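Biologist: Could you take me through one part of this model up close, strand by strand? I'd like the sheet first, and then whatever else helps to place it in the chain.

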Amino acid sequence: MATSIRLRRLGATAATFVVATGGAYLTLRDPSVSASDRGGGPPALDSIRSKIGDPFAVVPSRAVQESALIGSSPVNPLDILVIGGGATGCGVALDAATRGLRVGLVERDDFSSGTSSRSTKLIHGGVRYLEKAVFNLDYGQLKLVFHALEERKQVIENAPHLCHALPCMTPCFDWFEVVYFWMGLKLYDLVAGRRLLHLSRYYSAQESVELFPTLARNGKEKSLKGTVVYYDGQMNDSRLNVGLACTAALAGASVLNHAEVISFLKEEASERIIGGRIRDNLSGQEFDTYAKVVVNAAGPFCDSVRKMADNDAKPMICPSSGVHIVLPDYYSPEGMGLIVPKTKDGRVVFMLPWLGRTVAGTTDSNTSITMLPEPHEDEIQFILDAICDYLNVKVRRTDVLSAWSGIRPLATDPKAKNTESISRDHVVCEDFPGLVTITGGKWTTYRSMAEDAVDAAIKSGKLSPNYTCSTHNLRLIGGDGWDPASFTVLAQQYVRMKKTYSGKVVPGVMDTAAAKHLSRAYGTMAERVAAIAQNENLGKRLAHGYPFLEAEVAYCARNEYCESAVDFIARRSRLAFLDTDAAGRALPRIIDILASEHNWDKSRKKQEVKKAKEFLETFKSAKNAQFHDGKHK
């Protein structure tokens, strides 16, 4: 009886929501410029697009970027200074630069060094939020899903080399679950409208096991009745973030990583913020940068930035820890994810193929804010527990290649009892003159978050942009002209020249795995990486079993502001996230190449080794964690 009532309620409320939100649906799906219309704007804007799309374009050097920030003055300030180089901050810099504004951005560590590199790697509307919207009659949650689904398709289109559609399988162990999830995911399709990636569908138990061989036929003391498969997007998060930073640089923004605002500059009479005192964390140099408006996009650290402006500022952030683990590829087939729809405490856990391995997560628990968050063993065990009932593979803690924690900067709702009930929508405010704060939200909606922040900054500083927002149909660096078959050019036209331990140079095949990796990671810029591998004898793999090449280190140092070993193993490549032990083994060669590119001395090389090892220790793989009390041995 209860189940039939629940199904009737799902159907009835779904119909009500579709009718009630028709206007909002149409409004959200009426962008001013078609996604397929990549040109036709003002000549200056077309020039920016052309520069971003040029596979031979070179980003300004870090020294040039720093000089531009130093060159600002009280009489010639920047329009906007952005604090924070995550997805939102880099999105703000790109949005503002393409509107014709003078923009600077500083990030105290590296682009995507915080939350933006530690996501579930999904670009999604939020199936769980849709369920809450229906059963709690929560229009706010529904609007969030509408909006995220609109942005999901746009993110994939703007960076096609780094993002793609991924089918996700939901196992059903009774017929009620089959009907319930089928109806719910059909509603998800309906809400997506013309932004739909692919239609969801039901597969029988036999079909499901053929598609996902490690799926258990028996679980929860019941037999598998089938699965419902739907589609969301998947991304390489930190490379997308670095792509945003480099695209913003090509559009004219002055972006500087490893530089932080240590205090604000204020106008004496009005106390309005007019810039910041900045310290270059690589050189130790300090300088003033003036701006008409400062945008605080510091993620979990936005409250500490606000306290620099006003020590009595009330906290906005409710930090939540999200832990993920990486397992060998045999846990999941290539091209099909798995969703555990409801864990013991009511959460959703994903298990997804990612860059040749399997990523599983996530948790959602209160945490403190730190620069290098670490996963707790009980959180790792929680994820292993959640997936083991759904697999016919023995789930072992010793299989964990990497485990990491990220901090979600959730905007606080005073009435919320726990972080899971807080809406993931974003907040834009100006609670101190000249300082606009953008926080909350999620990766999928970074572009619209940035748009809202720039709109608020324009209003605060009475700025005069030359153009309206154009990022909804702006391809990122490496994306324009990229095709899924582009890797064949690399495989056919390039070789990997490798230097042996004895110093002899020998040719090696640009194999399919390496060619696909370069094409997916760098888009149309991949040929430049392949040319370095061929012409500079940097074609050797950095770690056995992984496609990352020595040439990538040199390319990233020259073209992607890669300033440290951690920058490379964590954000330019994803080796630290995929296999902590392999990253440690690759460190000496990575540091040697970076030392050659940046003219490091022996002292700096030792410092890089120390910092990288400390960083890797926070990734709790099977080899650097104590887990004797866990049951998954």
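Modeller: Here is a walk through the strands around E12, followed by two helix pairs and a few backbone oddities.

Keep in mind that this is a predicted model. For a bit of setting, the chain has 633 residues, and 59% of them count as buried. Its secondary structure comes to 21 helices and 22 strands. If you take the contacts with a separation of 6 or more, 75% are between residues 24 or more positions apart. The accessible surface is about 25,000 Å², with 54% of that belonging to carbon and sulfur atoms.

Now to E12 itself, which covers residues 286-296. Eight of its 11 residues are buried, so the rest of the structure largely encloses this strand. E12 pairs with E11, with E1 and with E20, so let's take those partners in turn.

Start with E11, residues 273-280, which runs antiparallel to E12 and is joined to it by five bridges. One pair to click on is isoleucine 278, whose bridge partner in E12 is phenylalanine 287. E11 and E12 form a hairpin with five residues between the strands, and there glycine 284 takes a positive phi near 85°.

Next comes E1, which is parallel to E12, again with five bridges. Here leucine 81 has valine 294 of E12 as its bridge partner. Step along to valine 295 and you find a bridge to another strand: its partner is valine 436 in E20. That E20 strand, residues 435-440, pairs with E12 in the parallel sense over three bridges. As a general point, side chains in a regular strand alternate between the two faces of the sheet.

E1 (residues 78-83) also pairs with E2, in parallel and through four bridges. Isoleucine 83 is the residue that stands opposite valine 106 of E2. E2 itself spans residues 103-107, and five of its five residues are buried. You can see that on both faces: Val103, Leu105 and Glu107 lie on one side, Gly104 and Val106 on the other, and all are buried. Note that Glu107 is part of that buried set.

Moving on to the helices, H6 (residues 127-135) packs against H8 (residues 175-192) at an angle of about 100°, and their axes are 11 Å apart. An angle like that makes H6 roughly perpendicular to H8. On the H6 side, the residues that meet H8 are Val127, Leu130, Glu131, Val134 and Phe135. H8 brings Tyr180, Gly184, Leu185, Leu187, Tyr188 and Val191 to the contact. Sorted by class, that gives nine nonpolar residues, one polar and one charged. An α-helix has 3.6 residues a turn, so residues three or four places apart point the same way. The buried residues of H6 are Tyr129, Leu130, Lys132, Ala133, Val134 and Phe135. Leu130, Val134 and Phe135 thus turn up both in that buried list and in the contact with H8. Just past the end of H6, leucine 137 has a positive phi of about 50°.

The other helix pair is H18 (residues 565-572) with H21 (residues 602-617), at an angle of about 35° and with axes 8 Å apart. From H18, the contact takes in Ala565, Val566, Ile569, Ala570 and Arg571, and from H21 it takes in Glu608, Lys611, Ala612, Phe615 and Leu616. Seven of these residues are nonpolar, none is polar and three are charged.

Ahead of H21, in the loop that follows H20 (580-598), sits asparagine 599. Its phi is positive, about 60°, although the residue is not a glycine. Asparagine 599 is exposed, with a relative accessible area of 67%. Asparagine 537 also has a positive phi, near 60°, and it lies in the loop between H16 (526-535) and H17 (550-559). At 24% relative accessibility, asparagine 537 counts as partly exposed.

One last spot to check is the peptide bond from glycine 361 to threonine 362, which is cis, with omega near 20°. Threonine 362 belongs to the loop between strand E16 (357-361) and strand E17 (365-366).

Notes. Residues numbered from 1 in each chain as written. Predicted model: local features only at pLDDT ≥ 70, side-chain atom pairs only at ≥ 80, totals over all residues. Heavy atoms only, no water. Helix = DSSP H or I, 4+ residues; strand = E, 2+ residues; numbered from the N terminus. Buried < 20%, exposed > 50% of the residue type's maximum accessible area, 1.4 Å probe, protein only. Contact = heavy atoms within 4.5 Å. Areas by Shrake-Rupley, 256 points an atom, 1.4 Å probe, with all protein chains shown as cover. Axes fitted to C-alpha atoms, helices over the stretch in contact; angles between N-to-C directions. Parallel < 35°, antiparallel > 145°, perpendicular 65-115°, else oblique. Nonpolar A, V, L, I, M, F, W, Y, C, P; charged D, E, K, R; others polar. Pairing = 2+ DSSP bridges.
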